[in-house]
Amino acid sequence: MLEKKLLLDHYDKVKKFVAVACSKDYDIELMSGKYVVNAKSIMGVFSLDLTRPVTMVAHCEMVADIMRQIKPFIFEEE
């Protein structure tokens with residue numbers, strides 16, 4: 001399992017992230033506060049408060065592949 005904070009604050013970022021999520025054969029969720037949505041659902045992702053970082057949980061064994069693909073979306077705290 002992999003858990004990372006992501007910042008999806010622009011339409012293009014959401015579109016690209018959902019495309020990455022859809023290419024995976026395992027479950028990926030996004031969490032914002034008490035809400036949890038399927039990361040493969042663009043409507044679900046847009047229902048979250050995207051002005052703040054969201055938490056991604058990917059239920060996978062091999063994390064190197066998805067880490068490489070989500071690198072542009074990872075939220076780096078200052």
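Strand β3 (residues 35-38) and strand β2 run antiparallel, joined by four bridges; two strands count as paired if DSSP finds at least two bridges between them. Helices (H or I, at least four residues) and strands (E, at least two) are DSSP runs, numbered from the N terminus. The model is predicted, so local features need pLDDT of at least 70 and side-chain atom pairs pLDDT 80 or more, while totals for chains, interfaces and linings use all residues. Residues are numbered from 1 along each chain as its sequence is written, and side-chain values use heavy atoms, without hydrogens and water.

Within the β2 and β3 pairing, Leu 30 stands opposite Val 37. The two strands form a hairpin with two residues between them, and Gly 33 in the turn has a positive phi of about 65 degrees.

β2 also pairs with strand β4 (residues 54-58), again in the antiparallel sense, over four bridges. There, Ile 28 stands opposite Ala 58.

Which residues of β2 form the covered face? They are Ile 28, Leu 30 and Ser 32, whereas Glu 29 and Met 31 form the uncovered one. In a regular strand, side chains alternate between the two faces of the sheet.

I turn now to the surface. Tyr 11, Ile 42, Met 43 and Phe 46 make a nonpolar patch of about 410 Å²; such patches join nonpolar side chains (Val, Leu, Ile, Met, Phe, Trp, Tyr) within 5 Å, from residues with over 30% relative accessible area and no salt bridge, and like charges within 9 Å. Helix α2 (residues 42-46) gives the largest share, three residues. Tyr 11 lies in helix α1 (residues 11-22).

Terms used. Buried means under 20% relative accessible area, exposed over 50%, partly exposed in between (1.4 Å probe, protein chains only). Accessible areas come from the Shrake-Rupley method with a 1.4 Å probe; for residues, only the protein chains shown count as cover. A salt bridge is a side-chain nitrogen of Lys or Arg within 4 Å of a carboxyl oxygen of Asp or Glu.
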